[in-house]
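Here are some short exercises to work through with the model open beside you. Try each task before reading its solution.

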Amino acid sequence: MTDDTPTTTVSVTINGEEYVRETEDRRLLVHFLREEVGLTGTHQGCVVGKCGACTVLHNGVPKKSCMLYAAAVDEDEITTVEGLAKRAEMNGVAMKTREGTTFHPLQMGFKQNHGLQCGFCTPGFLMTATALLRENPDPTREEIKSAISGNICRCTGYTSIVDSIEWAAARLREDEPAVADGGIDSTPCEGCNCEIADDVEGNDE
Amino acid sequence: MSNALDRQEESEADADSTAVGEPMGRREDDRLLRGEGKYMDDFEPTSNLHHVAFLRSPVAHGEIDDIDTTAAERREDVTCVLTGADIAEQMDPFAVGVQNPPEYYPLAVDKVRYDGEPVAMVVATTKYGATDALEDIVVDYTRLDPVTDELEALDDDSPQIHPSGNCANYRELEYGPVDEAFERADHVVEREFEFPRYTSAPMETYGVIAEYDTARDGATVWSNFQGPFTMHPVVAGALGMSEADLQFKVPSDSGGSFGVKAHIYPYIAAAVIASREAGAPVKWIESRREHLQASACHTDRTQRMRGAVSEEGDILGVWVDLYDNFGAYVRAPEPGNTFRPLGNYVNAYDFDAFGGEFRAVQTNKCPAGLNRGYGCHQYYFGLERLIDCMADVVGMDPTAFRERNFIDEDEFPYRTPTGGEYDSGRYSKALQRAKELFEYEDYLGRRDRARANNRYIGIGCAAIIDPSASNMGYVSVALPPEEREKGHPKSGAVSAVTMMVQPDASIVVELDSAPSGQGHETTASQIAADELGVDPEAITVVSGMDTSEKAWSVSSGSYSSRFATVGHSAVKNASEQIAEQMRRIAAVILDVDPVMISLEDGRAHGPDGGAISIREIAGTAHWNPSKLPDNIEPGLRTQHTFSMDDSRPIDEDDRINSSGSYGYGVQLVAVEVNKTTGEIDILDYVAVHDCGTIVNPKIVDGQVEGGIFHGLAGSLYEELRYDDSGTLQTDTFMDYAVPTAKEAPDVTTDHIETPSPKTPMGSKGTGEAGTEGAPAAIANAVNDALDPLGVEITSLPLKPPRVWSLIEEAEGEKSSD
């Protein structure tokens, strides 16, 4: 950045951690996350808000981070794909893969149902689906399709993505009906703005 | 609660003795789903990266009168600025094997030939700074008339794009008794088909990082390329470098490619020169707009086709006059769009006469390149529409007509008149299976009843041969035999695998592939696990490419669906070699004959219940070579390069087996056309597919479904549309209408497994079958739906306004009769 570029000091909580950075006023949130915070799981696909690869949760609401300036999220909370597994651990719904990786049920749903191929769009789909399942723990296939219609995938043909989200929703309902990743009987946790069910004491691993 | 569900759900699979054939979750997913993939923009392989931005022409056709870069160069964060003239001083034009090659450089030299052609590049210390500096470059153009249509471009008075004219290549090819076929025919059907430009637009765009090393006058390049394959020699040759001095590295994670990413190579060359000029490593990540404007796409194509058919319904011959629109420059590995399907130009049908005139035409559009289905989807759209026309003229059901003409299952291996050697197939069985799943006979009745109720429902069928593992020799057909004699004969579809077992018995399989979502790491681990008697998770698979540090050859890379054909074969053979070494070492330790040893459960079992762990074998191989048999080298390592035996050079009659193996598929689709709006609703979709032995059913399903959706997108929604001035009208995702989950139909897929006798696994490629069949199947269905109105479908995409216009026109003609 050159000396005359206007900048702002931004204080933002990302996945439960606070970051304070001086950044150019014109810097897009997607670039801020990737280049200034080093969280490269959020991808840039189109920069016109159509493809959804850069979707993050902004105060719990799915937003396309290529449509927001970093300066506009001062004092706010952001959740990215890197925060999903931790969120699942805190909610006591974390899962392990055969290789030993910790997953959120949505991530496991995508793995079980081959809901990704190249995986570039996947973080965006996961963030959109996270918000969907919090609002609607038991969505129909049509509701899932509507929710993800702002996200583009070029590999799959979408059916397996819908299957993946449906799988995760069922698993969250079956395994922990009281939790449902932030459903009823829950209180906001401090830090990452996720929600912990009152009757679950985090990860019992 | 922590839940190892992945393992629980797959425990049934574990009970089975083989990993091959199991629908295992992919090992790649563990990093990709956590946002830990390393795509091109996600890592810094070297320090002090500078950033590149390209200035692009807003003019489709024009002379460059002047470029003033002084203001840009004065900016404090700009390292250097390069124009086409600077580039041309430092490299030769890229080589291409056509009769009338254009001079093609990464930046326009003196003249621009398409909307978005790069004219200058800036290197700056920051990404935003590089883009800012583009505004300070002033270019004066003199506009010239553009031509974008492939037929108009061949007119004598058409604007001439290159000094040597717009036709880059022309071949007339004839195989079998063509004249006789058309003389003998009871009917000759004749149609003209137009195939549009649509692109796969992978979610991740291109990326290149180049670092020039003065000390060795060489460069290292990281890019999300599909190569290296033949593009590495092309780039090295143009830069005047030895192939050893130009190191290409392709990371393991690539955000989709579908063929398009084979065309990063002009940018690779430009980035190497920019790095040399800047004295620093440079990085460029393509924007979406740049991708849509100026990356690559398949050729849009006009096909004038004639089909000779007997009264009984036998196809006697096919002739095609083919005009491929290659855009501004026909560039390597073109004219692959025209000739990649050479061996399978008869598709799934048993006829011996085929010929055509094949033209590579240059226009003021983006240069063409590879796109999923490479050269086949355009051709099958025409051919499978023509097949329906032939069936119609003899009054046969389109599926019955196809079945009558299919190559029978007892005719394999089958030699096509153009030189293809089909390895295996049961085409009739696939069609029957598709018809059962579709309830075809019943559906005909439902369609007719719907028609009686004034609803426009139609059924479409397409059968396609899906070639995989291209034989690189097919590109030679662009030149006539006497001209190609001057060069070396070319052939080959090979894949190299290196495999090693570490002293602690952990196993590494190193591929020469550049995957972009096809799950190579997973299928390779399944194959190797079975050979070595271990779990797939015990195997570390390294994908990605490196031309200096890995085994590779000029056909290495990930394109033409080659991994299942030659990649799996190389993994299988390399694993067998390591297993054999293990058995021999175990035989010494257990003091038995090696043939009595079996590898299971991570152990080598002898005939009398004795067993040792593979850890002991590996430990011996590395730590105690003195104990090894004479014919075993210390360590446990092998490198195997698999080559298709029948990938031979083109013969003097222009015949060649242009691919290593030939899968196939049958698609049946039902549509309803809304007469009021012109909208098309997909009612049912059935795809039956055969790629030989299936290693991972989930991955094969994913490839077929994704391919179908890609073809459907091009049939109904997507088009790279140019206006009369040659300006692209669809250069963002706001205008380029990519379908979403809301537009996705449910597809029923089923598989037949007819193993290939030519590969050790019996597996064949599968990534392109869906795309190759969908445009033809959908067009046939819409044609059938609108048949009562007399509307004929000869072009795509079938967007509502166009369909509505076709209906209006037809009704207008009817009422004026």
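A polar contact is a pair of N or O atoms within 3.5 Å; within protein, one atom must be able to donate a hydrogen and the other to accept it, and residues adjacent in sequence count only if both atoms are side-chain atoms. Keep in mind that this model is predicted.

**Exercise 1.** Describe the interface of chain A and chain B, beginning with its polar contacts.

*Solution.*
- Step 1: The rule finds 29 residue pairs in polar contact across this interface, both residues being at pLDDT 80 or more.
- Step 2: Now see which parts of chain A take part. Elements giving two or more residues to the side that touches chain B include α1 (29-36) and α6 (159-175) of chain A. The largest share, five residues, comes from α3(A).
- Step 3: Sort that side of chain A by residue type: 24 nonpolar, 25 polar and 19 charged.
- Step 4: Add the area. About 5,800 Å² is buried between the two chains, with carbon and sulfur atoms giving 52% of this.

**Exercise 2.** Decide whether Glu35(A) and Lys127(B) form a salt bridge.

*Solution.*
- Step 1: The cut-off for nitrogen to carboxyl oxygen is 4 Å.
- Step 2: The closest N and O atoms of Glu35(A) and Lys127(B) are 2.7 Å apart, and the two residues form a salt bridge.
- Step 3: Between chain A and chain B, the count is seven salt bridges.

**Exercise 3.** Classify the aromatic pair of Tyr427(B) and Tyr664(B), then place it in the chain.

*Solution.*
- Step 1: The ring centres are 4.6 Å apart and the planes make 65°, giving an edge-to-face pair.
- Step 2: Tyr427(B) lies in helix α14 and Tyr664(B) in strand β27, so the pair ties together parts 237 residues apart in sequence.
- Step 3: Tyr427(B) is buried, with a relative accessible area of 2%; Tyr664(B) is buried, with a relative accessible area of 2%.

Methods
Residues numbered from 1 in each chain as written. Chains lettered and ligands numbered in written order. Predicted model: local features only at pLDDT ≥ 70, side-chain atom pairs only at ≥ 80, totals over all residues. Heavy atoms only, no water. Buried area = accessible area lost by both parts, 1.4 Å probe. Salt bridge = Lys/Arg side-chain N within 4 Å of Asp/Glu carboxyl O. Helix = DSSP H or I, 4+ residues; strand = E, 2+ residues; numbered from the N terminus. Nonpolar A, V, L, I, M, F, W, Y, C, P; charged D, E, K, R; others polar. Phe/Tyr/Trp six-rings, centres within 6.5 Å; stacked < 30°, edge-to-face > 60°. Buried < 20%, exposed > 50% of the residue type's maximum accessible area, 1.4 Å probe, protein only.
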